[in-house]
Amino acid sequence: MLAALSLCAGALAAQEVTVSAREGAMTVSGRVLGFDGRYLRLGTESGEVTLDYAAVTCEGEACPDPETFVPELRLSGAPRLGEVLLPALIEGFAFAEGYAVSRDEEGPGRFTYVLSETPEGPPVQRFSFRLTTTDEGLEDLLTEKADVLLAVRELRADEQEAAQVAGLGDLGAPEQARIVALDGLVPIVSPGREREAIDLTDLARVFGGEIDDWSDLGDAPGPVRLHLGDPMGGEMQGFAERVVRAAGLELSADIVVHPSPRSVAAAVAADPAALGIVPYQSYGNARPLAVSGRCGRQAEADLLSLKTEDYPLTLPLFLYLPRRRLPDVTTEFLAWLRTERAQFVVRRAGFVDLGAEPIGIDAQGQRLAAAILEAGEEVSLGTLQAMVRRLAGRDRLSTTFRFEEGETRLDAQSRSNVYQLARGIRDGRHDGKVLLLAGFSDGRGPALANRALAAARAEAVQQELVTALGGSLPEGVRVRTVAFGEALPMGCDDTGWGRQINRRVELWVER
C-alpha cells in the first residue's frame, strides 16, 4: 500500500480524512498533504504515509476526486527565476509538447499557468507561482505551502538540515537541487565613469563601509554612493556572504536599497558617483565592470566565464524539489528542462544555459600568455610546453569542476556538471573519444605537492562521473586524468577567491 512520496495539492492541505483498505482491516486517519492523481499522501499521528488511492476508500470532505483532479505544482521563491525564466520555460515546454497554455494573474507576485490538450479542453497541469524571496520560498516548502523552491543561491547547511528533519530528503542531492540556468553578480557604474574593472577586495571594502571615496580606488575624489537590490533577495544575500562577509565585514548602513535590479541600474546610470551590484545582463544604461585581483588578472561576466565559473561571482539558479512522487506532466517538464531546446529558451530569456561550449586552445591566448610570463623555477617554460603539447588537438569544454572551499566535495554547479556530462555520455555524444580531466591547483606551497593535489582532484571527478554512470563507463568512451598543478592560473593567489578559481578540473575533448 505504501508508495513513493507524492506531490502536494494545496486546496486539500490540513483537512482530515479517514482512509480504509478495500481488502483488509487497515484504517488510517490524518490530514491530506497531497494527491497526484494516483497516490494520496497523509499526515498521521505516526508520521507521513502515502497510499495507492485505487486500493482504498476515503471518507471526508477533503477526499479528492480522481475524475476531476488537476495536478498542481506550486512554485515559491525568488523573482529572478519566476518573473521571466520559468514562464519562458513553461511556454517553451508547452509549445514543444503540443499543449495549449494560458496564464491567469492572481495578484502581485501570484499567477498560474494552465496546460491543456487543446485550447478548449480541460486542464491537465497547473503551475502556480508565488514570487517572494528565497528565504520565504524555503519557508513555504518546509510548511507544505509549496512544492518547489525557486532559489538564487545554494541552501546553507542548516537549511538543508531543516529540510531533512521536515522529511523533504537531501535537498543537496543533484536530483533534488536542479540547476536550471546560471547567473552572475556584476558591479556597475555610470557610463560617464572611466573605469573598466574593480578589485574584488576593494569591492568588499566599499560595500562594507571601509571605503567611501572614489579617490581610495584611484579615481578623482568624490563620495561613493552605493546601490543594491533587496537584501532579502537571494542575489544580495549571496553577495553579502561571498564578498562582504568573506572579508570580515558587514554591509554598510549607507547602501540605498531598491526593489528590483532595474531600479538599481537606473539609479546608477544617472549618478556618476554611484556603484551598484546587479544580476547578469540587468545593466540597463549602466556600464558593467570586470572584477580583478591585486595581481592584475581580470574576469568579465560573459557566457563562457559564467559557464566555466572562471568569473568569481557566478550564481547557479536552483529548483529545489522535495523527495516526492510527481505527476506525469510535471515529470515530463523536469526532464525537458535538460534538453537542448530548453537550453535555447534559457539563453533567449537572457540567462546562461548549461550547454557545454567548446573553447579551442587557440582561443586561450590570454591565459597562456599569463602563464608564460609567470614561468619560473617551479613552473618552467618546459613544463608549459609539455602541457600545451598534451592539450594540442583538443578543445576545452566549458564544463569545469570546482570544489567547495577547504573540502574535497564538489560545489553545487560542479555536481550538476557531473550529471550533465554523464547524461551526454549515455546519449552517445562522446562515443569513440577520449575525455581528458585536467587538474589544476593554486600556487601556494611546493609545486610538486600542488601537482599531486591537482591529480587527486582530477581522479575524484573521474570517480564521481563513473558513479553517476552506474559504476562503469560505456564501451567506446575513455576518460583519462592528468595534472598540471599551478601551471595555468586563472585568479590571483593572494586572495581566497583567486585561489578558489585556480583549484579546478577542466574537461578537454578530442576534436
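# Terms and values in a predicted model

User: Why does Cys63 count as buried?

Analyst: Cys63 has a relative accessibility of 18%. The term needs a value under 20%, so Cys63 counts as buried. Keep in mind that the model is predicted.

User: How do you know that Cys63 has a disulfide partner, and which residue is it?

Analyst: The partner is Cys58, and the S to S distance is 2.0 Å. A disulfide is called when two cysteine sulfur atoms lie within 2.5 Å, so the link of Cys58 to Cys63 qualifies. The angle about the S-S bond is -80°, and this link is left-handed.

User: What makes Cys58 partly exposed?

Analyst: Its relative accessible area is 22%. Partly exposed covers the values between buried, under 20%, and exposed, over 50%, so Cys58 gets the middle label. Its partner Cys63, at 18%, counts as buried.

User: How many disulfides does the rule give, and how are the cysteines paired?

Analyst: The count is two. With the bonded cysteines of the protein chain numbered in sequence order, the pairing reads 1-2, 3-4.

User: What makes Cys295 and Cys492 a disulfide?

Analyst: Their sulfur atoms are 1.9 Å apart. The cut-off is 2.5 Å, so the pair of Cys295 and Cys492 meets it. The torsion about this S-S bond is about -75°, so the disulfide is left-handed.

User: Why can this pair be said to tie together separate parts of the sequence?

Analyst: Cys295 sits in the loop between strand S17 (290-292) and strand S18 (298-299), while Cys492 sits in the loop between strand S23 (478-485) and helix H14 (496-502). The parts that the pair ties together are therefore 197 residues apart in sequence.

User: Are Cys295 and Cys492 buried or partly exposed?

Analyst: Cys295 has a relative accessible area of 42%, so it is partly exposed. Cys492 has 1% relative accessibility and therefore counts as buried.

User: Why is Arg74 called buried, and where is it found?

Analyst: Arg74 is found in strand S6 (residues 72-77). Its relative accessible area is 10%. That value is under 20%, so the label buried applies to Arg74.

User: What makes the contacts of the Arg74 side chain polar contacts?

Analyst: The side chain of Arg74 reaches the backbone oxygen of Glu144 at 3.2 Å. It reaches the backbone oxygen of Lys145 at 3.3 Å. The limit for N or O atoms is within 3.5 Å, so both distances fit.

User: Why is helix H5 described as mostly covered?

Analyst: Helix H5 (residues 234-244) has 11 residues, and nine of them are buried. Among the buried ones are Met236, Phe239, Val243 and Val244.

User: How do you know that S1 and S2 are paired strands?

Analyst: Strand S1 (residues 16-21) and strand S2 (residues 27-35) share five bridges and run in the antiparallel sense. Pairing needs at least two bridges, so S1 and S2 pass. One bridge sets Val19 against Val28 in S2. The hairpin has five residues between the strands, and Gly24 there takes a positive phi near 115°.

User: What joins S2 to S3?

Analyst: Four bridges join S2 to strand S3 (residues 39-44), and the strands run antiparallel. Arg31 stands opposite Gly43 in S3. This hairpin has three residues between its strands, with Gly37 at a positive phi near 105°.

User: Why is the crossing of H1 and H8 given a name, and what is it?

Analyst: The axes of helix H1 (residues 79-97) and helix H8 (residues 328-336) come within 10 Å and cross at roughly 105°. Angles of 65 to 115 degrees count as roughly perpendicular, so H1 is roughly perpendicular to H8. Residues in the contact include Leu86, Ile90 and Phe93 of H1, and Val329, Phe333 and Trp336 of H8.

User: What makes S12 and S18 edge strands?

Analyst: Three strands form an open sheet in the order S12-S17-S18, with mixed pairing. Strand S12 (197-199) and S18 are the edges, each pairing on one side only. S12 and S17 run parallel and are joined by three bridges. Ala197 has Ala290 in S17 as its bridge partner. Helix H4 (residues 200-207) packs on the sheet and touches S12 and S17, and its direction makes about 75° with that of S12.

Notes: Residues are numbered from 1 along each chain as its sequence is written. This is a predicted model: local features need pLDDT of at least 70, side-chain atom pairs count only at pLDDT 80 or more; totals for chains, interfaces and linings use all residues. Side-chain values use heavy atoms; hydrogens and water are left out. Helices (H or I, at least four residues) and strands (E, at least two) are DSSP runs, numbered from the N terminus. Buried means under 20% relative accessible area, exposed over 50%, partly exposed in between (1.4 Å probe, protein chains only). A polar contact is a pair of N or O atoms within 3.5 Å; within protein, one must be able to donate a hydrogen and the other to accept it, and residues adjacent in sequence count only if both atoms are side-chain atoms. Axes are lines fitted to C-alpha atoms, for helices over the stretch in contact, and angles run from 0 to 180 degrees between N-to-C directions. Angles under 35 degrees count as roughly parallel, over 145 as roughly antiparallel, 65 to 115 as roughly perpendicular and the rest as oblique. Contact means heavy atoms within 4.5 Å.
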